[in-house]
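Work through the exercises below with the sequence and the structure at hand, and try each task before you read its solution.

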Amino acid sequence: VFNKTPDATEDMLERTSYERACIEARKKGLAPPRKPRGPLPNLPRKLFSYDHVEPKPAKEPPLPSSEAAQNHIPNHYTYSSVTHEKIAAIRSKTTLANTDICLDYKQSSNLYPESYPHFVRGRDSLREYITSLFTSKIAIYDGAMGTMIQNYSKRNKLDEEEYRGDRFKDWNCNVKGNNDMLSITQPHVISGIYKEYLEVGGSNLIGTNTFSSTTIAMADYNMEAYAYELNYEGARLARQACDEVTAADPTNPRFVVGAIGPTNRTGSISPSVEDPSARNVTFDELVEAYFEQIVGLMDGGADILMVETIFDTLNAKAALYAVGEYLEFSGLDIPVFVSGTLVDQSGRTLSGQTGEAFYASIRHAKPMCVGLNCALGAVHMIPFVEKLAKVVECFLHVYSNAGLPNAMGGYDESPDDMARNNKTFFEN
């Protein structure tokens, strides 16, 4: 009886030892020892009705739950009709000199032919167009804005005076380095960079010059009141550049991606080594700052919203919450992209999550595209992008640095090196 299985004798001896240990523990007034677990039975998994449903290949990423997204209702691009009280309150605080600003970007329905690859705002569903674009070719997103501004400053004067312009010549603090304000003071510089990425780089999508255009980040320059204007102007200049380039070749429409940066504060990490519980920003403050940025971006003509360079997942959650609020108030279907950044070769964000865990934390927002950017060069990003590609249910993007910076802060990779190192992503 005891030797029905090969391990029966050992199990019996283990049980006997346990009972003796219990007796000894009672004599000494101690807690009983842990009971032996024994082998677990290997039972077949119970099957449910959904286990017998034949899987179907996905034709598009998971859709948000809104009616507009579920039914692919095109964005009307007439933002003057979006009059929710919270959105109207932000517009009422605008610092724009001309308060009679353009909020409508709808195009004539017969401007271009109805079939892909043509696209007309207000007539076609951007979600459907992006799906067709991403499944038919490798789409190109633009590169860094900061380095292009640095390159411009090497050829042209771009010092404190130029950053201030006429409008901010008497500002109360130094503003050199506040690249986002160049959309107001030097719009020709930003427009020129947009057009270079579109015409020379061949970008299908360009990000707005609004990486730091939140009230939280602008506090460093005492420019919190200008957050709406910075986002509006950054998106408006990109909209103009895209429309001009698209008009020259309607078979290759270009789109504006509203860039929503991480801010310079973290919601889940303490700024003080002495007090791990300390925080210099709350979740609600982040949501409020992001919501104002989103209103400015959409009013300026953005097509897509991208929460990018996320190093703290709680910040990303706040941004996505703000996006969700805007979509609920407006009733629109706006594609959302999310881009995380890994701080080193451990493959984790600053808040400690792997790429897979990061996606699990934000997948509830039903982003249309998720990926990684910056921090590491293409060679070092390959294993982490590969792992992320195995879990995402939507489109995947990647835009890497030109390698890692050297001791002097420069980058050693040439354009040829970068193209060769990114080849893995093109082929897979």
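**Exercise 1. Describe the protein as a whole.**

Solution. Begin with burial: of the 428 residues of the protein, 46% count as buried in this model, which is a predicted one. Next, turn to the secondary structure, where 16 helices and six strands are found. Finally, consider the extent of the chain, whose C-alpha atoms fill a box of roughly 90 × 55 × 50 Å along the principal axes.

**Exercise 2. Find out how strands β5 and β6 are arranged and how the chain passes between them.**

Solution. First, locate β5 at residues 369–377 and note that six bridges join this strand to β6, the two running parallel. Within this pairing, Asn373 stands opposite Tyr399 of β6. Then follow the chain from β5 through helix α14, residues 378–389, to β6, and you will see a β-α-β crossover that is right-handed. As a last step, check the cover of β6, residues 395–401, where five of the seven residues are buried.

**Exercise 3. Decide how many disulfides the protein has, and explain why Cys242 and Cys394 form none.**

Solution. Recall that a disulfide is a covalent bond between the sulfur atoms of two cysteines. The cut-off needed here is a sulfur pair within 2.5 Å. For Cys242, which is buried with a relative accessible area of 0%, the closest cysteine sulfur belongs to Cys102 and lies 15 Å away, so it is too far for a bond. For Cys394, also counted as buried at 13% relative accessibility, the closest cysteine sulfur is that of Cys369 at 6.2 Å, which is likewise too far for a bond. By this rule, the count for the protein comes to zero disulfides.

How values were computed. Residues numbered from 1 in each chain as written. Predicted model: local features only at pLDDT ≥ 70, side-chain atom pairs only at ≥ 80, totals over all residues. Heavy atoms only, no water. Buried < 20%, exposed > 50% of the residue type's maximum accessible area, 1.4 Å probe, protein only. Helix = DSSP H or I, 4+ residues; strand = E, 2+ residues; numbered from the N terminus. Pairing = 2+ DSSP bridges. Right-handed = clockwise from strand over helix to strand, strands pointing away.
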